[in-house]
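Please walk me through this model in the viewer, one selection at a time. I would like to know what to select and what is there at each stop.

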Amino acid sequence: MQQTRLHISLFAALGIALVALFLVDLSFGAISIPLGDVFKTLTGGAPAKTSWEYIILDYRLPKAITALLAGIGLSIGGLLMQTLFRNPLAGPDVLGLSSGASLGVAFVILGSALLPAALGVFFTSAYGVVIAATAGSFLVLLAVLAVAQRLRDTMAILIVGLMFSSFTGAIVGVLTYFSSAEKLQKYTFWALGSLGNLPWDNIIILGLVLLIGLSLAILCIKPLDALLLGERYAKSLGVNLNRTRIVLILATSLLTGCVTAFVGPIAFVGLVVPHMAKLLFKTGSHKILFTGTLLIGAALMLLCDTFTQLPGSAFVLPVNAITSLIGAPVVISLLISKKKGIFS
Amino acid sequence: MERKTILSAQLLGIGYKAKKESIIIAENIDIQLKAGSLTALIGANGIGKSSLLRTLTGIQAPLSGSVLLNNQPVNQYTPPQLAQQLALVLTEALPPGNLTVYDLVALGRQPYTNWLGSLSAEDKAIVSNALQATDIEYLAHKKHYELSDGQLQKALIARALAQDTPLIVLDEPTTHLDLPNKASLLQLLKKLALEQDKCILYSTHDLDLALQLSDEIIIMKKEAIAQGIPTQLIEKKAFDNLFEGESVVFDYSTKTFRVK
């Protein structure tokens, strides 16, 4: 009971932090807008300067919402992978999912000239990119899982993910070699990753696809708990392993594939956030971890987005740089600490 | 009082189907396990104990004959139905994670909980009873990786109890334990079989302890498989040729195995 109360207060604290970070993200940027005016604009009032209204509603609000959605998608994807692969270091980028999504996007951006005109137009649209990225990560994940079945060593699975990343990277390299400068530029900009400049239509698509992915993940909460005992115990508890695996892979591909399609590959979020949730909530229950990961993922991504725009300057850092700056040291410290519960 | 038969095998043949031919490990196995009894499965390494356990628990299909669990062929249960009939304690290590002993035991309630796995008041009562019956209430809030091997085995047995099944099958539960822990674990199993009317089957290499503490023994030898209560088996000289070669033999005067 004491634990439940602790969890509820943690959820409340995270919720408040999330709202605060959202407002701070809207207020920071090339032009700093006071929080009061941000609040006024969001509630339909008029801020002190009319230009602020445009900046907030047309530029910063879509960017903040994209950050929030991307954080949720990648973090939940990471949580599902860590339990499915029984590996604390699994994550969408580590297992090669992001590279799979990149490969899908590379095919449609760089290879669209090879398709018939009508198909080419469809596949370079927002829908086409989402489908390609999701399919790319789905295929890579299926391949990694097939190999992982033959490996008992959890660290070996990470090497396999690394190999798939380099394999897909090589294919992208070959594709870029054969494509025009204009398409190459388009792909390069995508690969740098950016939370901004996403039209509202695309944000709605992103939101809807994430909703499907999250719903599939919620359906798997009970089998995910059983998987904490290992696959044989899960099976003895009546879990349909094959179906659970497929649903989890589908959910993860949708979550990470569509985020990657719209904002580019973003490293470390999917790996680090579930750990933060596990450390904070100190539980194995996926009901709690799911909610915690969702809140922390959204908050962390908003924080990273805030850091990309240095206050008072027009200079914007790539978001991928920020997540890697935070993520890489966290992973190394996790490896060094070698707590028995994390690595045994 | 006649005890209820929980698990029975008639003319069971176990083995693998490899490509075209089937590789037979053992044939004509007859086994009957009753409620309220603790049965040990013994035999030399590589004789096929694991295959027999896999077949009895429905993981592997029999080559011939059938396995009846509560009067229904074990392969005809759906996985959720089987989870309410049979609980397992395996030898494999638990994956790394944040599970406390309480969470671990509570996962045994999964076959009965709703789609989110929420515990009802009844589930919680059953989990507490399982912790109490195995004497590990004081460990409830420890993480599973903080336990000693003996404590972990008890926690896994408590999980199987929480699953509330008539049959519990344990794969070499006494491995890795020191002698007092081995003995107390088997005493615990015997107590659970008696007090909770469970049918418990375990495989083991601790022959002397198994002889002293089990209600029945299943001996797996190359030529045949025999089941009986320890004194009967000793009378029938069933322990001869348990191991290949002459290095370890059964001494019928002291009722122990010794090196020749």
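Start with the sulfur of C258(A) and look for its closest cysteine sulfur, which belongs to C220(A) and lies 17 Å away. The model is a predicted one, and in it this separation is too far for a bond. A disulfide needs two cysteine sulfur atoms within 2.5 Å. Switch to a surface view and C258(A) counts as buried, since its relative accessible area is 0%.

Select C304(A) next. Here the closest cysteine sulfur is that of C258(A), at 19 Å, so this pair is also too far apart for a bond. C304(A) is buried too, with a relative accessibility of 2%. Over all chains, the count of disulfides is zero.

Stay in chain A and colour the segments that UniProt, in an unreviewed entry, annotates as "transmembrane region": 64–85, 97–119, 125–148, 155–178, 203–225, 246–268, 288–308 and 315–336. Two of these spans are worth isolating. Residues 64–85 of chain A are 95% helix and 0% strand, with 32 Å between the end C-alpha atoms. Residues 315–336 of chain A are 82% helix, again with 0% strand, and their end C-alpha atoms are 35 Å apart.

Now show both chains and select the contact residues between them. The selection should hold 29 residues of chain A and 32 residues of chain B. Together chain A and chain B bury about 2,700 Å², and 58% of that area comes from carbon and sulfur atoms. How many salt bridges cross the interface of chain A and chain B? There is one. To find it, display the side chains of R232(A) and E92(B), which form a salt bridge with an N to O distance of 3.9 Å.

Then centre on R159(B), which sits in helix α5 of chain B, residues 149–162. Is R159(B) buried or exposed? R159(B) is buried, because its relative accessible area is 0%. Leaving out residues up to four places away in sequence, R159(B) touches L229(A), Y233(A), S236(A) and L237(A) from chain A, and L88(B), L104(B), V105(B) and G108(B) from chain B. For a view of the fold around this residue, draw a distance from the C-alpha atom of R159(B) to that of V101(B): the two are 58 residues apart along the chain and 9.0 Å apart in space.

Hide chain A and consider chain B by itself. An unreviewed UniProt entry places "domain: ABC transporter" at residues 9–247 of chain B. That stretch is 31% helix and 26% strand, and 33 Å separate its end C-alpha atoms.

The domain assignment divides chain B in another way, so to speak by colour: give one colour to domain 1 (1–77 + 167–260) and a second to domain 2 (86–164). The centres of domain 1 and domain 2 of chain B, taken over C-alpha atoms, are 25 Å apart. Where the two domains meet, 20 residues of domain 1 of chain B are in contact with 16 residues of domain 2 of chain B. The two domains of chain B bury about 1,600 Å² between them, 68% of it on carbon and sulfur atoms. On the domain 1 side, select I168(B), D171(B) and L188(B): these lose the most area to domain 2 of chain B, together 24% of what that side buries. A search for salt bridges between domain 1 and domain 2 of chain B gives zero.

Methods:
Residues are numbered from 1 along each chain as its sequence is written. Chains are lettered from A and ligands numbered from 1 in the order in which they are written. This is a predicted model: local features need pLDDT of at least 70, side-chain atom pairs count only at pLDDT 80 or more; totals for chains, interfaces and linings use all residues. Side-chain values use heavy atoms; hydrogens and water are left out. Buried means under 20% relative accessible area, exposed over 50%, partly exposed in between (1.4 Å probe, protein chains only). UniProt positions are given in the numbering used here, feature names are shortened, and annotations may be inferred rather than shown by experiment. Helices (H or I, at least four residues) and strands (E, at least two) are DSSP runs, numbered from the N terminus. Domain bounds come from an automatic or database domain assignment. Contact means heavy atoms within 4.5 Å. Buried area is the accessible area (1.4 Å probe) that two parts lose on being put together, summed over both. A salt bridge is a side-chain nitrogen of Lys or Arg within 4 Å of a carboxyl oxygen of Asp or Glu.
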